[in-house]
Amino acid sequence: MNWEETLGSAMNTRIRRGVFLDKVFYHGTRIFAWAVLAVIIAILVSLFIGAAPALKKFGFGFLASRAWNPVTEEFGALVSIYGTLITSAIAMVIGIPVSFGIALFITELSPIWLKRPIGTAIELLAAIPSIVYGMWGLFVFAPYFGDTIQPWITDHLGPVPLIGALFSGPPLGIGVFTAGIILAIMVIPFMSAVMRDMFEVVPPVLKESAYGIGATTWEVVRHVVLPYTKIGVVGGIMLGLGRALGETMAVTFVIGNANRIHASLFMPGTTISSTLANEFTEAVGKMYTSSLIALGLILFLITFVVLAVAKFMLFRLAGREGSRS
Amino acid sequence: MQALTDMGLYRRRRFVNFLILAISLLTTLFGLFWLIWLLWTLLSQGLPYLDLSIFYQATPPPGNHGGLGNAILGSIVLTVVGVLIGAPAGVLAGTYLSEFARKSKTASVIRFVNDILLSAPSIILGVFVYEVVVLRMGHFSGWAGSLALALIALPIVVRTTEDMMRLVPNSVREAAAALGAPQWKVTVAIVFCAARSGILTGILLAVARISGETAPLLFTALNNQFWSHSVNEPIANLPVVIFQFAMSPYDDWQHLAWAGAVLITLTILLINILVRVFLRTPKSRY
């Protein structure tokens, strides 16, 4: 064997080893990427299996029943679903305008040196653990709210026809409305961050041409920035909604955990996640646990749809952005 | 006359503009107001009870003096194990998405699912782990808690790893490949190196996120009043202890809960600020 062949075979083994390791690396990383997919499928399947006994017994009536009685084993999801939707709705009503205002301030109004600190401060709101929101809500915010703001709202809005019933009742401090306010504070950082990022990708040339023909800042935002980023803004809102629907600890602290539907927003209620947090470990009996898991399944399906829509909208905007540059 | 109405219109436009911008300033102050109120409450309620004994004494029965030592230790164990499971898996999955499957259909499905997992309610992950692990094992355990936390960390790490590795220019990869390096070597020695700080940032963000998570631990790690030596048993952890103590009617328990809340929040805020100093890009949404 001459030196050329030796060298050639050595190179060959090296290359073959490289090819082999490439394969190992490729398939190794692929397994983990697929694992992400597997996790979500496993979650769905296990929730379905866990919820099956309850769904079989109660059928679609589960969605419409107000019952929640562990003793007689009668369960229904309506009250929890109602609580989840109504707290998130309150959070959206408060959170959307505020997030929009913050995004507007950061992108259009703030001096450059202030942008970063304010953006960071708002983002820190998202970093605070939800249990801290809960404790603060229960021990600080709710008493203050019940003592001062709630009576004032009841006095002024209570007698108004139609919406008056929403704001009547004893000022307990805790309740659906308080939970909604705290949820709003918790989702503001998510929504305003998405809106800010969206506003920042608007090509400067579009904004400058509007300014050039004499538009005010608000007119530029209203007629140039918003139409351009519409889908993204809605996507950001859906992202916040997804967070609000699933938030657990903060709501569990302040909502009062009562399985009732009241006309008034000031009364205690319950949400899917707070019911789970309160009752899951204490649930005895197959039907009780299964009903709780069925609640979890409903929550998962709702948030899945909301987040999927959010993702789809943000993705569409990102796609357009790509084709332009 | 025409000029006069024009002036009126002009003034009205100016006024609307001023009004909206003023409202936008107010909303920003509104947002900051809550942050300040929260932090102020936290510090004024928690700091007085934060002393050294918090760190080495175990959680007391009501009415006795004690600390949060076992819960702090438990939380650290759960978080570390959770990250040790979630981060490597996340980095590898992110590597696949960035290096091998940029444009494939399955990769975009995985990306989509990952983003949903990123915002999915954490309590659902708790229920899932309860069904899959706790029911099978027959008892609550630290493993189950760590697994739930790993599932929360996973999508964060996948997302940041992919984003950060995509920032590495292709010319760098091509240069390495042209020197004869096989692809695994290009990825491990070149791309990982270049994206190192970004990937670490993602892992840190995941740590910050899971160290405050309470909901998924309620049905998995549960709680333990004593120093727990085994991850195989129910394990004490700060969030659940805070939850139980805060909801209790005992004053000294509530004081401990506030002290614990201060500890967790300061740790998380510290990590978040470190991350921002570490990686000065305006993109973080977690």
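Colleague: Happy to look at this one with you! What volume does the largest cavity have?
Modeller: This is a predicted model, where local features need pLDDT of at least 70, side-chain atom pairs count only at pLDDT 80 or more, and totals for chains, interfaces and linings use all residues. A cavity is a set of points on a 1 Å grid over the protein atoms alone where a 1.4 Å probe fits but cannot get out; points join across faces, edges and corners, and volume is the space filled by probe spheres set on them. The count comes to seven cavities of 30 Å³ or more. The largest of them has a volume of about 520 Å³.

Colleague: Which residues are the closest to the centre of the largest cavity?
Modeller: Residues are numbered from 1 along each chain as written, chains are lettered from A and ligands numbered from 1 in written order, and side-chain values use heavy atoms, without hydrogens and water. Lining residues have an atom within 4 Å of a point, and there are 32 of them here. Both chains appear among the closest to the centre: Ala126(A), Arg243(A), Glu247(A), Arg209(B) and Glu213(B).

Colleague: Which elements of chain B give two or more residues to that lining?
Modeller: Helices are DSSP runs (H or I, at least four residues; strands are E, at least two), numbered from the N terminus. Chain A contributes through α4 (112-127), α5 (130-157), α6 (176-200) and α8 (217-246). On the chain B side, the elements are α9 (196-211) and α12 (251-278).

Colleague: Which element gives the most to the lining of the second largest pocket?
Modeller: A pocket is an open set of points with protein on both sides within 12 Å along at least five of seven lines, and the second largest holds about 330 Å³ of space. Of its 16 lining residues, Ser75(B), Ile76(B), Thr79(B), Ser211(B) and Thr267(B) are the closest to its centre. In chain B, α3 (69-100), α9 and α12 each supply at least two lining residues. With seven residues, the one that gives the most is α3(B).

Colleague: How many salt bridges cross the interface of chain A and chain B?
Modeller: Contact (heavy atoms within 4.5 Å) links 80 residues of chain A with 85 of chain B. A salt bridge puts a side-chain nitrogen of Lys or Arg within 4 Å of a carboxyl oxygen of Asp or Glu, and there are 12 over all chains. One pair runs from Glu219(A) in helix α8 of chain A to Arg13(B) in helix α1 (residues 2-46) of chain B, at 2.7 Å, N to O. Across the interface, the number found is three.

Colleague: Which helix of chain A has the lowest mean pLDDT?
Modeller: pLDDT is the predictor's confidence in each residue, from 0 to 100, and chain A averages 88, with 97% of the residues at 70 or above. Chain B also has a mean of 88, with 95% reaching 70 or more. Within chain A, helix α3 (residues 78-109) has the highest mean, 94. The lowest, 83, belongs to residues 286-324, helix α11 of chain A.

Technical notes. Contact = heavy atoms within 4.5 Å.
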